[in-house]
Amino acid sequence: MAAPLEEILARLLEPDNEVIQKATADLKEVFKNPETLQALCHILGTAQQPQIRQYAAVLIRRKIHKAKQWAALDDAFKNNIRGSILQLLAQEQEKSARSAIAQIIAVMARHDTPTNSWPALFEFVVSFVKDGDPAKREVGMFVLSTVTSLASEQMKPHMVSLLDLLAGALNESVNTEVSYLAIKSMTDLVFYIGDDEMKHVQNVVPRVLEVVQVLATVDEDKACVALEFFDELLESEVAIIVPHLKSLVQYCLQIATNKDYTDALRVKAMSFVASLVRLKKKTVLKHHLIDPILHVIIPIICDDEEEEEEDDEDPEAHTPSQYAVQVIDTMALHLPPEKFLSKLTPMVDRCLKSADAPHRRAAYLIMAVIVEGCGDYIMTKMLEEMLETVCTGLNDTSHIVRNAALYAVGQFSEHLQPNISQYASQLLPLLFMYLNKSMEEAEKNPKGLVKSHYALEIFCEHLGDEILPYLPELMGYLLNVLRNCPLAKPKELAISAIGGAANAAKEKMQPYFKDVLDLFKTYLEGLSEDEDMKKLQLAAIDTMAVFARNIGEETFRPLAKDCMDLGINLVANSIDPDLRRYVYSLFSSISTLIKSEMADYLERIVDFMLTSMKSTEGVKAHYKAESENITVFDEDEFNDDENFDAEEENYKLEGISVENAYLDEKEDACCSLGEIALSSGKVFMPYLHKSYTETLELADYPASGIKKAAFVTLCHLCLCVYETHKETQSAEAAEALKTMILGTMPKYLEAIKIEVDRTTVMAAVDSIQEMLAKIGEPVLSITGATDAILTAVKEIFTHKVACQDQKEDEGEDDSEDETEAEFDGMLIESAGDVLPVIARIMGGENFVGFFTHFVQDLLKRMKETSSTPEKSFAVGTMAEVIEACGEPVGSAFTSILYPVFTRMARDDDDEVRSNSVFALGVLTVNGGPFMIGQYNEILKTLFDVMNTESNPRVLDNICAAVCRMILHSPHSVPLAQVLPVVVQLLPLKEDLEENVTVFTCFMKLYSETAPALAQFIPKMLNVAARVAAPRGPQDDTLGKALPFGCSGCVEPKPQGPQPMCCPMGLEDAQKMLVQFVKNVKAYYPAEFDQVKSGMDPNSASVLDTCLDAVIPSC
């Protein structure tokens, strides 16, 4: 049947679609015949036209690609193929046909190598690779590189001999293709290299580098591919390249700086440098590579004379200057800030002083991208200086410099909170001025328009009440743009900026809300085909979601139904992933207001979101040898096995890509689903199983953003079920919670161990912490959960998880340098947050044995030489654990911790002092008899600190520490001398949760009716009235915290003094204030009435409200 089959293949070459379609249909029919394989083999060896030979080879591979297909063939037939296929490849001159034949050989090697059924293959390869003819050497190496690309794992038993063969091929001096293919093969094999083979690869690294240098002069595309060898080593076998690291980095930097090379090669070289910093920052530090990297990277950023078409912050930038900015960003994220910035700052200063605008622009771009990774260090030591510099940049004569400075303001506003907001009076007038200027220059400088609105929006978003003095001017400008500007872009930016203002001003935006709604109606009426109108609609929906969360329930609730109906209609009729995700965010925002009333909408919106989460829209698969694929027919249609196993086809899959819009949609759908479940409560239960199942699937998604969203949503779904069980005591909910925790916790723990993205690991750790804090004991009731969680925390503390830079591979002692990048510290802080909550659940007696393993890890971060964030975190964590566990932990480590806390209470940093004073107070009451014996010394320490202290939070913590001491052992405190000092520190200014401690202390004292305390009643009642008073028209904290503000929880009003309890948290502070006021009234009625009569009406009314309040028993 060979002749008819060849005739069909020939018809596929005709330039006629109808002929091709008929031939394809005939081919499908013939393909079902078992004799087709033999006929294809005949055609492969005899056909005159190379394209027919290529088609035949593709179809042969399709017939044998599965192991079971190959195994089903007759041994004689298989031997016949083995005996002829190599010769056919050797004599094939046409590239496409030869590639298709090589693919057959690779598939056969995948099947035959494990059983050593085809020794002739390796004899052929060795013979050709070592042949004296350069053309034959290329053929041999081409076969080997194709085999290793598809069957690298099967090559493991032959690894040493293959590596030796490849090492010899690297020395090719005539045909560079041979050495290039040898590098490709080695790249494929690197992942499977074991300890015994490492030296074979290590010895050839210098030669590989030499080959890359040669390739860069003759074929830069191949040089890019060859550089992937070093990327692969860096990912899996970094020890191999460590001895050659300096020369390798030096060469990559030479490529990066050479403008004669293509952008692709220069970016590829820089990407290796960025990967080295990301994966092996200790190696970068040890080999003193920061300076040489910066000396190359910064001039590349300076080299741009004009702004790029893409935004500077584009995460997928591909020009050398854009990628160079990303390298700086990577260095800031992964290197210790003091070591990195000490090298960077002088270079940036030189750029700022340059007469060349592109150099000044580069300086501001660098300043913009370093703040995310070095924020704490900059806020502590450099903020004012950097801010002055950026303000200077806003007035630069060059618009490209001004735009970069505006970008820096936006980045500062996002990553230098809360400190940056203190400079609102300096920055906002400048931003307003530039905003008006950018509108005037919108056509000449469109980037200035975007950057000015970006800077303003981000800065305003984090201001809180500090925005109020500027709100009339800001909203006047933005509303005017919406009313009168003829251009779409300014309107889009204005809508987004209104959202930023709403985030800050919250209920204070109410006076402008009606005007905003009237202007938004045009954009919210339905779908539009106009691109500008689509963007305006997205911005309006996004801002409406912000209003739903911030404008106040009474204001937005009347709009909830209309917004839900609008959103459902838009999603049902739209194919735009951006529109869908913005609407999902609107749904989740509204759910926080209407809660269980979401029941009316859940069926439809959950279906929408799950569809988005499961969607494969925008997904594109990339296959190996894609350039050689047949285009006239889909080879996947030619499969004679109905039970097609996709996994067995994965050998061809090189990777997948997904359009960003669809990734964003998937991520936002997942996040919104979790928040809606949490807000809706028990009415979400009918949708729980399918939501949980799909979210669990997304926890394995390769994109880190989606994986993080899945981790957060899994936590929220568990919390939804837990709250439902608390409310209903449903056995079904209890069982569902247990099942979900059993499925979720292993996902978190696995991610902590193996994920290489730090933010993904932090999401897993934070989710564990939240579940422990809000669900509690059920999380630990799973067998082995306690040990597994604490082991994960310990491994993070000791840098033993995959996302951390672990012990140096060259075996050198790295103990001399324990400094960390700030993001490394953030992960450790997340892990530290787990300890107090798990301690509280377990109890001190049970936890003390576990905590012993963490004490040294925390103490080494409390050295005088430790960084400020390390000290603040460590002492704070230690204090919270002691508070959670009580005396079993406190007394066990008193002798070690007391001198450390005392020293740190005098630290230069405000936050460290604050945490240390809190820790000293907690240790004092949980440290056993020894600490009571130190009361006088502790009081002296606290008052010495107070006498020189100006930070309100530190003073609050001193006040609370003394109150703890009084509560714990009042007879050990000289009250006559101490109480006036404590009262002087009231009311608390920042750490308002400590009001619980303060008023619990005074309530205990007043309940003992000591006459000497009467003198403090006026001050304490005034403080109580001030603290309990509502903070604004929307604030009914006191009422919400008490039963008289709620329906269905009224109890008979008790008579006489109320019993003392010790609640925790801000809401409990309100309850404590009420109890305090009642007790003062009961024990000191005359003094109470006298003080109240002298108060202003508002304060007196607050006291009356406290007296009338009914508090449930604790």
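1. Contact here means heavy atoms within 4.5 Å. That cut-off matters for helix α35 (residues 688-698), treated in point 3. The model is predicted.

2. Overall make-up. The protein has 56 helices and two strands. Of its 1114 residues, 56% are buried. Its accessible surface is about 47100 Å², and carbon and sulfur atoms account for 49% of that. Take the contacts between residues at least 6 apart in sequence: 75% of them join residues at least 24 apart.

3. Helix α35. Leu-688, Ser-691, Tyr-692, Glu-694, Thr-695 and Leu-698 are buried in this helix. What do the buried residues of α35 pack against? The partners are α33 (599-614), α34 (660-680), α36 and α37.

4. Helices α36 and α37. An aromatic pair links these two helices: Phe-711 sits in α36 (residues 704-728) and Tyr-748 in α37 (residues 731-754), 37 residues apart. The ring centres are 5.5 Å apart and the planes stand at 85°, so the pair counts as edge-to-face. Both Phe-711 and Tyr-748 are buried.

5. Other aromatic features. The whole structure holds 18 aromatic pairs. One aromatic cluster is formed by Phe-999, Phe-1002, Tyr-1006, Phe-1076 and Tyr-1084. Two lysines deserve a look as well. Lys-63 places its charged end over the ring of Phe-31, 4.5 Å from the ring centre. Lys-794 does so over Phe-854, at 5.9 Å from the centre.

6. Arg-98. This residue belongs to helix α7 (residues 95-112). Arg-98 is buried but has no salt bridge. Which side chain of opposite charge is nearest to Arg-98? It is Glu-138, 4.3 Å away. A salt bridge needs a side-chain nitrogen within 4 Å of a carboxyl oxygen, so a distance of 4.3 Å does not qualify. Glu-138 is nevertheless among the contacts of Arg-98 beyond four places in sequence, along with Leu-89, Glu-92, Val-139 and Phe-142.

7. Gln-537. Helix α29 (residues 531-550) contains this residue. Gln-537 has a relative accessible area of 4%, so it is buried. Beyond four places in sequence, Gln-537 contacts Tyr-523, Gly-526, Leu-527, Leu-570 and Leu-579. Its C-alpha atom is 9.7 Å from that of Tyr-582, which lies 45 residues away along the chain.

8. Leu-566. Find it in helix α31 (residues 560-573). Is Leu-566 buried or exposed? Its relative accessibility is 19%, and the cut-off for buried is under 20%, so Leu-566 counts as buried. The C-alpha atoms of Leu-566 and Leu-524 are 7.8 Å apart, with their positions 42 residues apart along the chain.

9. Cis peptide bonds. The bond from Gln-417 to Pro-418 is cis, with omega near 0°. Pro-418 falls in the loop between α23 (399-415) and α24 (424-440). Leu-986 and Pro-987 are also joined by a cis bond, with omega about -5°. Here the loop runs between α50 (975-984) and α51 (995-1007).

10. Positive phi. Lys-595 is not a glycine, yet its phi is near 50°. Lys-595 lies in the loop between α32 (577-594) and α33, and is partly exposed at 43% relative accessible area. His-799 likewise has a positive phi, near 60°. Its loop connects α40 (785-797) and α41 (822-842). At 16% relative accessibility, His-799 is buried.

Methods:
Residues numbered from 1 in each chain as written. Predicted model: local features only at pLDDT ≥ 70, side-chain atom pairs only at ≥ 80, totals over all residues. Heavy atoms only, no water. Helix = DSSP H or I, 4+ residues; strand = E, 2+ residues; numbered from the N terminus. Buried < 20%, exposed > 50% of the residue type's maximum accessible area, 1.4 Å probe, protein only. Lys, Arg positive; Asp, Glu negative; His and termini not counted. Phe/Tyr/Trp six-rings, centres within 6.5 Å; stacked < 30°, edge-to-face > 60°. Lys NZ or Arg CZ within 6 Å of the ring centre and 35° of its normal. Areas by Shrake-Rupley, 256 points an atom, 1.4 Å probe, with all protein chains shown as cover.
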